[in-house]
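Visitor: Hi, could you walk me through this one? I'd like the overall picture, then the cysteines.

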Amino acid sequence: MQRTVAVVGGGISGLTACYHLARSPNAPKIILLEGSGRLGGWLHSTQTEDGAVFEHGPRGIRPAGTVGKNTLLMVSELGLDADVLPVPGDHPASKNRYLYVSGALHRLPSGIGGVLRTVPPFTRPLLWSGLRELVAPRGTQPDETMHSFVSRRFGKELADIAIDSLCRGVFAGDCRALSVRSCFPALFEAERRRRSVILGMALGGGKGPALDSALSRRARDERWSQWSLRAGMETLSEALQDFLRQRGVEMHCHARLRSLERTAAQCWQITLEDGSVRADHVISAIPARALAVLLPGWAEPLAQELRSIEAVSVGVVNLQYNGATLPITVMLGGAWFEQGFGDPDTVPLAVLLSRAKEAVRAHLGIVAEPSRTIVKVLKACIPQYTLGHWQRTETISRYLEQERLPLSLIGASYQGVSVNDCIYSAKTAVTRLLDQAC
């Protein structure tokens, strides 16, 4: 009898899980349940009549590493090679990075010359931070905040300026709360393996699985810093949906879940607002806290850990100006959303738009009114891997194993918030599930 796998959540993680399930030789019956009215999750693009593309979520993907190669492989399998829009290493967008510090924009140092001389906003050459790191002792704690880790190894100035900005840009979060072990595991492991982050990153950590493709080879040869898709990142989720339709996957929007329960036959009974679904295995691709409220009372130990994984909201304001080559996107809030704007559910969009236009005037000197604007609030969109996140995820994995629950957890709440991480976690979970079924 054919098994049924229900995938809960139709963002990029859920779609990718369905993709790998559908491609397997003995594919189960696959049911995708999405609570909202559209699939794709945070991959959401708007293309205007004049050809401009506004991204309301992720706008670019990095090609590097195992997870980067894995995404490019899937993009190639979906036939999207010609749609890829790369940013090569010699492009100004790759070479020029700016920080807004103390009321002014500063271009970050690049090349050997930038490391050897003092470049504002830093008060001394970054070479000294590197030399300090090479002789700093190995840390002894099982986890550490990003700010503490970088202060200890590279100095407080680098942590205050560069790392603070990095954590805001990647996690919309506070570097004084985020965990180095969970947010940037490569840095944590480099120190553990080689005592030095610089040496550890330079010497590498061994080869990952072979995930080569023509696209990844091109990305390496042209030194892509990142890539996007010509009609917007949502093209990727649309291509996945097309593939799944062809494979007969059941995809349901407006399928709001009320509860998950185990039946006497050890199946999952998934209760919806307007019906129910039975499944042998559930793959949850919804946020950890959303899953916690669906679980039965006997799974409270699991629900407790899931509830502890918080997420922050981000205001995304897309602005188009007459005469400007590219649209501008301003992101607001994150860990400071409530402090700056109040409740994400009730904040007036006009307030976010006004603050975004102020930022563009202050940072870029553009005083004209934009010709087009789109404002969205992405509620609880980026999980925050605070201190001890690794213990939470280990406890969750141990509980699932001990209770032998046919439940897989994927998505940004657990092992990485990037699009690459979400795609890779979905593939890994499906591979494990299919191996168990053999």
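**Overall picture and cysteines**

Guide: Happy to. The protein has 18 helices and 17 strands, and keep in mind that this is a predicted model.

Visitor: Thanks! What is the radius of gyration, and what would a compact globule have?

Guide: The protein comes out at 23 Å, which agrees with the value near 22 Å for a compact globule, given its 438 residues. Its C-alpha atoms fill a box of roughly 70 × 55 × 45 Å along the principal axes.

Visitor: And how much of the protein is buried?

Guide: Buried residues are 48% of the 438. As for the accessible surface, it totals about 21300 Å², with 52% belonging to carbon and sulfur atoms.

Visitor: What share of the contacts comes from residues 24 or more positions apart?

Guide: Counting contacts with a separation of 6 or more, those residues account for 67%.

Visitor: Switching to charges: how many positive and negative side chains are there?

Guide: There are 49 positive and 41 negative ones, and the centres of the two sets lie 6 Å apart.

Visitor: Okay, cysteines. How many disulfides does the count give?

Guide: The count is zero. Cys18, for instance, is in no disulfide, as the nearest cysteine sulfur belongs to Cys253 and is 12 Å away.

Visitor: Why is there no bond between Cys167 and Cys175?

Guide: Their sulfurs are 5.2 Å apart, which is too far for a bond; the cut-off is 2.5 Å.

Visitor: Are Cys18 and Cys167 buried or exposed?

Guide: Cys18 counts as buried because its relative accessibility is 0%. Cys167 is buried too, with a relative accessible area of 0%.

Conventions: Residues are numbered from 1 along each chain as its sequence is written. This is a predicted model: local features need pLDDT of at least 70, side-chain atom pairs count only at pLDDT 80 or more; totals for chains, interfaces and linings use all residues. Side-chain values use heavy atoms; hydrogens and water are left out. Helices (H or I, at least four residues) and strands (E, at least two) are DSSP runs, numbered from the N terminus. The radius of gyration is taken over C-alpha atoms; the globule rule is 2.2 Å times the number of residues to the power 0.38. Buried means under 20% relative accessible area, exposed over 50%, partly exposed in between (1.4 Å probe, protein chains only). Contact means heavy atoms within 4.5 Å. Accessible areas come from the Shrake-Rupley method with a 1.4 Å probe; for residues, only the protein chains shown count as cover. Lys and Arg count as positive and Asp and Glu as negative; His and the chain ends are not counted. The place of a charge is taken as NZ of Lys, CZ of Arg, CG of Asp or CD of Glu.
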